[in-house]
Amino acid sequence: QVQLVQSGGGLVQAGGSLRLSCVTSQLAFSSYAMGWFRQAPGKERETVAAIKWSGVATDYAEPVKGRFTVSRDNAKNSVYLQMDSLKPEDTAVYYCAGGTTWPVVNWDVWGQGTQVTVSS
């Protein structure tokens with residue numbers, strides 16, 4: 001079973017920064033578009049950001065534009081989410097995922113999730 005292993009996250013004050021990482025050793029990583037999602041308690045999961053396999057194209061949800069940056073290093077089979085100017089409303093469990101189309105229609109593989117908590 002393909003695994004995406006996430007790291008990063010934690011507790012930070014509003015205005016602070018965190019960096020999430022997602023790595024795989026079992027995926028043809030450079031053939032996958034990668035995305036970041038989040039789900040807050042009582043809310044539906046929402047897309048945060050996505051990056052094409054080459055890294056040239058990216059897409060962001062409106063609430064995070066200008067504050068979050070998605071990047072990838074295909075040599076390290078890794079994708080990152082740099083989160084700056086964090087707000088309490090960014091508090092959620094964050095997931096990485098991979099898909100083989102662009103725009104991604106089906107997210108085929110998922111990470112285990114990591115908690116991000118932003119205190120006011």
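Two strands count as paired here if DSSP finds at least two bridges between them. Keep that in mind as you click through this predicted model.

**Stop 1: the four-stranded sheet**

Start by selecting S1, S3, S8 and S7. In that order they make an open sheet of four strands, paired antiparallel. Strand S1 (5-7) and strand S7 (68-73) stand at the edges with a single partner strand each, so each has one side without a neighbour in the sheet. Look along the sheet and you'll find neighbouring strands turned by 15° against each other on average, direction ignored.

Now zoom in on S7 and strand S8 (residues 78-83), an antiparallel pair held by six bridges. For a landmark, pick Val70, which sits opposite Leu81 in S8.

**Stop 2: Arg67, just before S7**

Step back to the loop between strand S6 (58-60) and S7, and show the side chain of Arg67 there. Is Arg67 buried or exposed? Its relative accessible area is 10%, and with the cut-off for buried at under 20%, Arg67 counts as buried. Draw a distance from the Arg67 side chain to the backbone oxygen of Ser85 and you should get 2.9 Å. Leaving out residues up to four places away in sequence, Arg67 also has Gln82, Met83, Asp84, Leu86, Lys87 and Asp90 among its contacts.

**Stop 3: strand S4 and its two partners**

Next, select strand S4 (residues 33-39). Six of its seven residues are buried, so S4 is largely enclosed by the rest of the structure. Add strand S9 (residues 92-99): seven bridges join it to S4, antiparallel. Gly35 faces Ala97 across that pairing.

Then add strand S5 (residues 46-51), which is antiparallel to S4 and joined to it by five bridges. Here Met34 is the residue opposite Ile51. The hairpin of S4 and S5 has six residues between the strands, and Gly42 takes a positive phi near 80° in it.

**Stop 4: the nonpolar cores**

Switch to side chains. The largest nonpolar core has 28 residues, and the members touching the most others are Trp36, Leu81, Met83 and Tyr94. Strand S3 (18-23), S4, S5, S7, S8, S9 and strand S11 (114-119) supply at least two residues each to this core. Another core, of six residues, lies apart from it and includes Ala33, Ala50, Ala97 and Val104.

Centre the view on Tyr94 to see how many directions its contacts come from in the sequence. Among the residues it touches, not counting those up to four places away, are Gln6, Leu20, Phe37, Val48, Phe68, Leu81, Gly113 and Val116.

**Stop 5: the aromatic cluster**

How many aromatic pairs does a search of the whole structure find? The search finds three. Select Phe37 and Trp107 for one of them: an edge-to-face pair, 5.0 Å centre to centre with 85° between the planes. Phe37 belongs to strand S4 and Trp107 to the loop between S9 and strand S10 (109-110), so this pair ties together parts 70 residues apart in sequence. Phe37 is buried, at 4% relative accessible area.

Tyr95 and Trp110 make another edge-to-face pair, at 6.5 Å between centres and 80° between planes. This one links strand S9 to strand S10, across 15 residues. Tyr95 is partly exposed at 22% relative accessibility, and Trp110 is partly exposed too, at 27%.

For the last view, show Phe37, Tyr95, Trp107 and Trp110 together: ring pairs link them into a cluster.

Note on methods:
Residues numbered from 1 in each chain as written. Heavy atoms only, no water. Axes fitted to C-alpha atoms, helices over the stretch in contact; angles between N-to-C directions. Buried < 20%, exposed > 50% of the residue type's maximum accessible area, 1.4 Å probe, protein only. Polar contact = N/O pair within 3.5 Å; in protein donor to acceptor, adjacent residues only side chain to side chain. Contact = heavy atoms within 4.5 Å. Core = buried A, V, L, I, M, F, W, Y, C linked by side-chain atoms within 4.5 Å. Phe/Tyr/Trp six-rings, centres within 6.5 Å; stacked < 30°, edge-to-face > 60°.
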